[in-house]
Structure formats: C-alpha cells, structure tokens
Amino acid sequence: MRLPLTRISVVLPVYNEAPTVAAILDQVTALDLPGIDVELIVVESNSTDGSRQIVQRYAGRPGVKVILQDAPRGKGAAVREGFEHATGDIVLIQDGDLEYRVEEYPIVLAPLLAGDADFVLGCRWAPGKAMRVFPEARTKSLVMNAAHVVFTGMFNVVYRTRLRDPFTMYKVFRRSCIDGVAFQSNRFDFDWELVAKLVRLGHIPVEVSITYEARGFDHGKKVRFFRDPLTWMVALARFRFSPLHAPGKARPGTAQAAGDARAEPVITLRTLGARPETNGSSDSASAGEDPEPESLGATQ
C-alpha cells in the first residue's frame, strides 16, 4: 500500500529580484525530497525590473502556482496572499534572493517530519561570527548586528522565549498552526507578527542552524534603515495583545482542495487599489506614496 505524500507549500514573494529569482525558482522546482510533494506558490507584485516576466515562464510547470498582484504592498502582504493558496501539510517561506540555501530544506524540515515540532526557525546566528558583513557599508553592518541582539532580547522578554533569531526568513510550520489566525502586517513587521502570534498560541519554535550569506545594500537589500525599526518597535507591543483570530476567518487553503495540483494556471488577484487599514505605524507600502516599495523577497 502506497503511503500518502507529505505536501510542502513553499511561499515565495517576489519583487524586483531579477538577478536571482530564476536561480531560486530552478532550485525549488528541481527539489527531489523522498516522500515529499513540493508545491511552489510564487507571489509576484508587479516588479519594475523584469522579475514578473521571469516568473511567468514558470507558470505552466507542474506544482507551480503563480499569483500576480497589480501593485507592491510589502513582503508581509505577499506572504499572506500566498498563505491563502497553500494546500500543503507544511508551509515554508522562501525569499527571492540567494541569502538562504534551498539545499538546506531538509535541515529545517527534519524536526517537523520527525514529529518533534510544529514550528521551526532556520537560525542565522552563530557564535563568534557576525550575521551581516557589508564591505561597502561596514558601519551599517555593525549597527544592524547590534540591533539584532537588542531586538531579539526585547522579543524574548516580552514573549517569554529564549530564541536566538526570531526574525529569520526561514519560518517553517504545519499549516494547521495558522488556521483562523488573523495576520495584518504588510512589511517586514510580518516576521514579528507571525512568530509572536504562533508563540502566543503555544507553538514555541525549534531553532536549527542554517547557512546565511547576507547581501549588501548595493546588491538589492531593501530594509529601510530608519523606517523599518520603527515598525518593529510598534509590532513588539502590538502583537503581544492584539486578537489572534478574526471572527469567521476561513481556514487557509480551503478555497482549493488539497488534491494533486500539479499544473496550476497563472492566477491574477483582485485589484489592490484600496489601501488596507494600517496599524498606526508605517507598515503600509502603497506604491502611490512610496516611490521605492519594499522588496517582497528581501530579508532583514
């Protein structure tokens, strides 16, 4: 008797990642993990550098869903759109750059597949090694590394955890963990919101060490050096007390059965003309207000 496959939904937000996105898409679509069916959900947010045209070439491939947004709203908004189309037992968030290694999926998946955890973080921190080294911006490197330590300490105090890297892009969890959970963040503060809310629900993440090669600002890193830390401070307090569930919120992925979705068409989402409600900070990235919308694939 053939045992059912474990399906993993890889959610990949893309905005202005033309130099690297094809390499990432090739790596993910070429994955061969025994007993695992990989579903790739690409959310492209109307890039200006040709990324959309690159992504569209993958739309007809088996196991690939391409979601086309008509405007950039930020990494968080794109990932949330991807969640709504995920049908896998496990969800993994992947960036469109090369800071993280696709070949390390087995490392971050191992605790979930073994039944030892329902939430895993790929930890970038290593003793005695700077997390970020930007040769062209050494001062920024030092400031961002120091800020990571400070923000991590604050997160651990507020949420009573002992995490080393709660803000990593590699977040992997069982889809059931986010059933009915209401997410609101559009920008990089989504990384805070996701971990904060799952921790509050009792899903304490297991951290596993991964390889991380930070790209510099001259290679497309799009974290706003002053703006984004302000949204993180707001997120720290806001998501400690905000509601975890929205009344009547449907389970993610129920719009499509979790059957064999091996050949998905391009999906064009509704117009994003109406600006979503903000959280009292600057985590909305309306294209009309921000001439340089935040990357949908960059990490902190």
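# A tour from the core outward

Select the largest nonpolar core, which has 70 residues; Phe83, Leu92, Val108, Leu109, Phe155 and Phe173 touch the most other members. Helix α6 supplies the largest share of this core, seven residues. In soluble globular proteins, nonpolar side chains tend to be buried together. Keep in mind that this is a predicted model.

**Phenylalanine 173.** Stay in the core and centre on Phe173, one of the residues that touch the most other core members. Leaving aside residues up to four places away in sequence, phenylalanine 173 touches Phe83, Asp89, Ile90, Val91, Ile93, Leu112, Asp118, Phe119, Ile178, Leu194 and Leu198.

**Helix α3.** Next select residues 75-83, helix α3. Eight of its nine residues are buried, so the helix is largely enclosed by the rest of the structure. The buried set is Lys75, Gly76, Ala77, Ala78, Val79, Glu81, Gly82 and Phe83. To see what surrounds them, add the strands β1 (6-14), β2 (36-44), β3 (64-68), β4 (90-93) and β6 (171-174), together with helix α6 (189-200); the buried residues of α3 pack against these elements.

**Helix α4.** Move to residues 105-113. Here the buried residues are Tyr105, Val108, Leu109, Pro111 and Leu112. Looking down the axis of α4, they fall within an arc of 150 degrees, so they line one face of the helix. An α-helix has 3.6 residues a turn, so residues three or four places apart point the same way. Two of the residues on that buried list, Val108 and Leu109, are also among those with the most core partners. Just after α4, check the backbone of glycine 115, where phi is positive, about 80 degrees.

**Salt bridges on β1 and β2.** The structure holds 10 salt bridges. Show the side chains of aspartate 37 and arginine 7, which meet in one of them at 2.8 Å, N to O. This pair links distant parts of the chain: aspartate 37 lies in strand β2 and arginine 7 in strand β1, 30 residues apart. Are these two side chains buried or exposed? Aspartate 37 counts as buried at 12% relative accessibility, and arginine 7 counts as buried at 8%.

Now add glutamate 39, whose side chain also meets arginine 7 in a salt bridge, at 4.0 Å, N to O. Glutamate 39 is in strand β2, 32 residues from arginine 7 in strand β1. Both partners are buried. With Lys65 added, the selection covers a network of salt bridges made of Arg7, Asp37, Glu39 and Lys65.

**A salt bridge between loops.** Select arginine 124 and aspartate 165; their side chains meet in a salt bridge of 2.8 Å, N to O. Arginine 124 is in the loop between β5 (119-123) and α5 (138-159), and aspartate 165 is in the loop between α5 and β6, with 41 residues separating the two. Both residues are buried.

**Cysteines.** Cysteine 123 is buried, with a relative accessible area of 0%. Cysteine 177 is buried too, at 3%. The structure holds zero disulfides.

**Confidence.** Finish by colouring by pLDDT. The mean for the protein is 79, and 70% of its residues reach 70 or more. Over residues 250-265 pLDDT stays under 50, and the model has 39 contacts beyond four places in sequence for them. Residues 270-300 are also below 50, with 101 contacts in the model beyond near neighbours in sequence. Where pLDDT is low, the predicted coordinates should not be read in detail.

Notes:
Residues numbered from 1 in each chain as written. Heavy atoms only, no water. Buried < 20%, exposed > 50% of the residue type's maximum accessible area, 1.4 Å probe, protein only. Helix = DSSP H or I, 4+ residues; strand = E, 2+ residues; numbered from the N terminus. Contact = heavy atoms within 4.5 Å. Disulfide = S-S within 2.5 Å. pLDDT = per-residue confidence, 0-100. Arc of directions from axis to C-beta. Core = buried A, V, L, I, M, F, W, Y, C linked by side-chain atoms within 4.5 Å.
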